[in-house]
Amino acid sequence: MGTKYISEAIAGAGFLPEKGKIVWESPSNIALIKYWGKYGQQYPENPSLSMSLKKSVSIVELIFQKNTNKKGTVDFKFEGKENQSFKKRVDNYLQQLSGYFPFLKDLHLEINSYNTFPHSSGIASSASFMSALALCLCSLEKFSQNIFDNTFYQKASFMARLGSGSASRSVYGEYAFWGKNSGISGSSDEYAVSFTNHIPEKLQTIYDAIIIINSAPKKISSSQGHQLMQNHFYKENRLQQANTNIFRLIDAISSNNWSSMTEVIENEALSLHALMLSSCPGYILLQQQTIDTIDAIRKFRDDSGAQVCFTLDAGPNVHVLYPEEDKKQVEPFIDQKLKPLAENNHIIYDKTGDGPVLREKEKR
Ligand code: PMV
């Protein structure tokens, strides 16, 4: 697959105007079936399924210039300020993509990135940032065209994956599936595919209230976490579990069975943390307030019968998921019982989003 992109690569920047600007907005996503463990060039050990968010997005501006003595260099700013560690990651990423986009060596790039969610909100921004950047690069390669078909998004997903595995899913709105599974036609380890057609109308919008328990950067990066899966004692069982859970979740979703969905989604969230706890060395990313939040959600669900469940990322923050029909019942509970558990009462009320948007593409 990657070889196809290398063979269609355009060598020089002759096809581009002297100067131009491309801006993509792309969402963060929350995995319902977690990708945890990778091999080779960022291939997933197991398939994953995620929902793209609406409000939690990155906006990436890519300004390119041809005739300059700064060819092949990049200036990078995050939220208007230079950021050396992000710049290093961007440089490495572009270096990695140079075989696919050889014309980059003829350009000076200025890349500016912004997030709509607060910087230190504990929400991983690598999926939204890397997908927005990959979309910018794929649009740069097709500068004179405006064709945003399946082939375009598939290539953007492939490129995003090389930056951050979960970013491969963010190039799609609503639901995306990443990882080869013989039961899902078109699925691939190379890129994610849209999964929205498999989702019944009632579940096409799910609300996600993100309870910020701790906004500090994660204790371990997801790269380190994936690494720890390589020799994990439970690795084979985890792979079986994820492949089973995918189909359990798809069945539950297609029959709009919220209680079966809850079982699988919560099992995935807690299993992710169980894997971290039982890796060598083991990591405890849950905090007391995370556990209190989970207990409160489960008690509220038992007492009220409301359709609500939680999921977790590789950190202490809790995503509370509920469908439209239970919004009126669940949101007062969140405000009264969960808000006091959040750091500075911070909750981000998000929901399923429509996916990336091209904000601008122009010659200058
Ligand atoms: O894309 P990465 O390398 O940041 O890994 C993401 C891992 C999880 O967020 C924990 C799960 C997932 O599927 O998004």
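This briefing walks through a ligand site, a pocket and a handful of single residues. Keep in mind that the model is predicted. Around the ligand there are 13 residues, and the protein covers 93% of the 390 Å² of accessible area that the ligand has on its own. Elsewhere, you can look at the second largest pocket, with a volume of about 190 Å³, and at some backbone oddities, such as the cis peptide bond from C280 to P281.

**The ligand and its surroundings**

- Start with who sits closest: of the 13 residues around the ligand, Y35, S166, R169, S222 and D313 come nearest.
- The shell is a mix, with 4 nonpolar, 6 polar and 3 charged residues.
- R169 uses its side chain here, placing an N or O atom 2.8 Å from an oxygen atom of the ligand.
- S164 also takes part through its side chain, where a polar atom lies 3.0 Å from an oxygen atom of the ligand.
- G165 does it with the backbone instead: one of its backbone N or O atoms is 3.4 Å from an oxygen atom of the ligand.
- With those contacts in view, here is the cover again: 93% of the ligand's own 390 Å² of accessible area is covered by the protein.

**S168 and its link to G165**

- S168 belongs to the loop between α4 (150-163) and β8 (175-178).
- Is S168 buried or exposed? It counts as buried, because its relative accessible area is 0% and the cut-off for buried is under 20%.
- The side chain of S168 gets to within 2.8 Å of the backbone oxygen of G165, and G165 is a residue you just met with a backbone atom 3.4 Å from a ligand oxygen.

**The second largest pocket**

- This pocket has a volume of about 190 Å³ and a lining of 13 residues.
- If you want to find its centre, look for G72, L94, Q95, L104 and K105, which lie nearest to it.
- Which helix gives the most to the lining? That would be α2 (residues 84-96), with 3 residues.
- By type, the lining splits into 7 nonpolar, 4 polar and 2 charged residues.

**N83, just off helix α2**

- N83 is in the loop between β6 (81-82) and α2.
- A polar atom of the N83 side chain lies 3.2 Å from the backbone nitrogen of S85.
- The N83 side chain also reaches the backbone nitrogen of F86, at 3.0 Å.

**E110 and a partner from elsewhere in the chain**

- You'll find E110 in strand β7 (residues 108-115).
- E110 counts as partly exposed because its relative accessibility is 31%, which falls between the 20% and 50% cut-offs.
- Along the sequence E110 and F76 are 34 residues apart, yet their C-alpha atoms are 6.0 Å apart in space.

**Backbone oddities**

- A bit of background: most residues other than glycine have a negative phi, and most peptide bonds are trans.
- Now for the bond from C280 to P281, which is cis, with omega near -5°.
- P281 itself sits in the loop between α7 (258-277) and α8 (288-304).
- Q42 isn't a glycine, but its phi is positive, at about 60°.
- Q42 is in the loop between β2 (38-39) and β3 (43-44), and it is buried at 12% relative accessible area.
- N256 isn't a glycine either, and it has a positive phi of about 50°.
- N256 lies in the loop between α6 (235-254) and α7, and at 28% relative accessibility it counts as partly exposed.

Notes: Residues numbered from 1 in each chain as written. Predicted model: local features only at pLDDT ≥ 70, side-chain atom pairs only at ≥ 80, totals over all residues. Heavy atoms only, no water. Near = heavy atom within 4 Å. Polar contact = N/O pair within 3.5 Å; in protein donor to acceptor, adjacent residues only side chain to side chain. Areas by Shrake-Rupley, 256 points an atom, 1.4 Å probe, with all protein chains shown as cover. Nonpolar A, V, L, I, M, F, W, Y, C, P; charged D, E, K, R; others polar. 1 Å grid on protein atoms, 1.4 Å probe; cavity = no way out; pocket = protein on both sides within 12 Å on 5 of 7 lines; lining within 4 Å. Points joined across faces, edges and corners; volume = space filled by probe spheres on them. Helix = DSSP H or I, 4+ residues; strand = E, 2+ residues; numbered from the N terminus. Buried < 20%, exposed > 50% of the residue type's maximum accessible area, 1.4 Å probe, protein only.
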